[in-house]
Structure formats: C-alpha cells, structure tokens
Amino acid sequence: MFVKNPILGLCQQASFIKSAAQVDQCPPDEGCEVAFAGRSNAGKSSAMNTLTHARLARTSKTPGRTQLLNFFRLDDQRRLVDLPGYGYAKVPIPLKQHWQRHLEAYLGSRHSLVGVVLLMDIRHPLTEFDCLMLDWTKASCLPMHILLTKADKLTYGAAKNALLKVQKDIRQGWGEVASVQLFSAPKRQGIEEAHAVLAHWMGLLGAEDAEAAADA
C-alpha cells in the first residue's frame with residue numbers, strides 16, 4: 001500500500017529560524033524537534049539539504065564550519081536542528097571543549113527533542129564521537145536513527161556488509177537503541193526511509209504507515 005508521507009511537504013517549506021551559541025539562546029522549548037549530529041566530515045549538511053530539498057545547511061570543503069546550534073522550522077510545532085560538527089582535528093582544543101559543553105547541555109535539557117539522527121561515514125563508522133552519542137542516547141532513552149552516509153563510495157555488496165556489521169556492533173554494545181540505514185546524498189539513496197523515521201518521531205505517521213512509507 002502506498003502511503004504519502006506528510007513530512008515531504010513540510011521539508012519542502014523548511015526555513016531557517018535562528019542560530020544559538022548556547023542553550024539559553026535556543027527557540028522556546030515546545031513542540032518537537034529532531035537533531036542531526038555527526039563528525040564534521042560525515043556529510044551532515046549534504047544529508048540535511050537532500051532531505052529538505054533546500055539549501056538549509058551550509059556545506060563546506062573545510063569540515064568543522066558548523067559552530068552553532070542551527071534551528072529550522074518545518075511548521076509551528078516541528079523543527080530540525082543542525083548540531084555543531086564535532087571531532088575535526090584542525091579545530092582548536094578550546095573550541096572543541098566549548099562545542100562539547102554546549103552540545104551536552106542541549107542534549108540533556110531539551111524537552112522538545114524527540115530523536116537524534118546520527119550521521120556516520122560508511123567507510124569510518126563508530127568513531128569515538130559516535131560511541132559517545134550512542135552512550136548518551138541509551139542513557140536518555142531517546143530514539144536514534146543512523147545514516148551511513150557516502151554509501152555510493154562502496155559497491156552495493158560492500159555497503160550492505162558494512163550496514164550489517166554496524167547493526168551487529170550496535171546491538172552488542174548498546175542493545176536496540178538505534179535503527180541504521182544506508183544513505184547517499186548524491187545518489188538520493190535512502191531518502192524515503194529517513195523521511196519515514198522523521199514523520200514517525202514527529203507524530204505525522206503511525207508505526208505501520210511509517211514502515212509503508214519507507215518502502216514506497
């Protein structure tokens with residue numbers, strides 16, 4: 001059965017709200033929002049732009065440029081949040097510590113946060129930062145969905161094997177805390193599945209309809 005995902009229309013009209021250097025500068029903590037996190041070279045901006053059909057997040061050839069919490073409006077009660085890219089070696093240590101402190105404050109205090117999308121480069125998954133995010137997700141009982149980005153850089157068989165290995169490693173290390181999928185922004189691979197997760201988390205689709213939309 002074909003299920004039209006209502007998140008599509010909202011993503012197409014997504015617009016920038018504001019940037020925040022720290023939690024007390026964030027928009028009112030109401031409604032629901034989904035945060036996108038990932039190491040600075042994981043393709044987070046490209047993925048967000050692909051999912052929203054808009055150039056919301058700034059892509060750069062120099063990873064680590066996202067230094068603020070950036071909020072984007074889908075409708076009056078729903079938002080996406082682009083979290084600071086983390087872990088890039090050339091970022092000064094004090095700046096890394098600033099990002100980490102405010103990132104943890106946001107993740108630990110934001111009542112409207114309904115889920116985290118974690119982006120991992122499929123060629124370099126489960127970095128130290130990724131494992132910290134999984135630890136936090138498990139402790140907070142929030143859902144996480146992982147996009148294994150740049151899947152087009154591997155053959156289909158190698159990408160599938162990488163997916164299965166990440167799924168197995170996460171189950172062994174953290175239990176059933178996260179769902180995982182393949183994703184490629186240039187090839188537009190995995191968009192329906194990611195949209196289905198967003199719609200379900202934001203109360204736009206029930207579990208069965210979200211599953212149907214992911215397979216559409």
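The questions and answers below go through the fold, cores, cavities and backbone of a predicted model.

Residues are numbered from 1 along each chain as its sequence is written, and side-chain values use heavy atoms, with hydrogens and water left out. Because the model is predicted, local features need pLDDT of at least 70 and side-chain atom pairs count only at pLDDT 80 or more, while totals for chains, interfaces and linings use all residues.

Reader: In what order do the elements of the protein chain run from the N terminus on?
Author: Helices (H or I, at least four residues) and strands (E, at least two) are DSSP runs, numbered from the N terminus. The protein chain has seven helices and seven strands. Their order is α-β-β-α-β-β-α-β-α-β-α-β-α-α.

Reader: What share of the contacts in the protein chain with a separation of 6 or more comes from residues 24 or more positions apart?
Author: Contact here means heavy atoms within 4.5 Å. Among contacts with a separation of 6 or more, residues 24 or more positions apart account for 72%.

Reader: Which element gives the most to the largest nonpolar core?
Author: A nonpolar core is a set of buried Ala, Val, Leu, Ile, Met, Phe, Trp, Tyr and Cys residues joined through side-chain atoms within 4.5 Å; buried means under 20% relative accessible area, exposed over 50%, and partly exposed in between (1.4 Å probe, protein chains only). The largest has 35 residues, and L83, Y106, L134, I146, L148 and I170 are those with the most contacts inside it. Elements that each supply at least two residues of this core include β2 (32-38), α3 (93-109), β6 (144-149) and α5 (156-174). The most, six residues, comes from α5.

Reader: Which residues does I170 touch, not counting residues up to four places away in sequence?
Author: I170 is among the residues with the most contacts inside the largest nonpolar core. Leaving out residues up to four places away in sequence, I170 touches L126, L134, I146, G175, V177 and V180.

Reader: How many residues of helix α2 are buried?
Author: Helix α2 spans residues 44-52 and is largely enclosed by the rest of the structure. The buried set is K44, S45, A47, M48, N49, T50, L51 and T52. Of the nine residues, the buried number is eight.

Reader: Which element gives the most to the lining of the second largest cavity?
Author: On a 1 Å grid over the protein atoms alone, a cavity is a set of points where a 1.4 Å probe fits but cannot get out, and lining residues have an atom within 4 Å of a point. The second largest holds about 30 Å³, where grid points are joined across faces, edges and corners and a volume is the space filled by probe spheres set on the points. Its lining is F36, L51, V117, H145, L147, A194, V197 and L198. With three residues, the element that gives the most is α6.

Reader: How many disulfides does a search of the whole structure find?
Author: A disulfide is a pair of cysteine sulfur atoms within 2.5 Å. C131 is partly exposed at a relative accessible area of 23%, and C141 is exposed at 70%. The number of disulfides found is zero.

Reader: What is the phi of R188 near?
Author: Most residues other than glycine have a negative phi. R188 sits in the loop between β7 and α6 and counts as partly exposed, at 44% relative accessibility. Its phi is positive, near 55°.

Note on methods. On a 1 Å grid over the protein atoms alone, a cavity is a set of points where a 1.4 Å probe fits but cannot get out, and a pocket is an open set with protein on both sides within 12 Å along at least five of seven lines; lining residues have an atom within 4 Å of a point.
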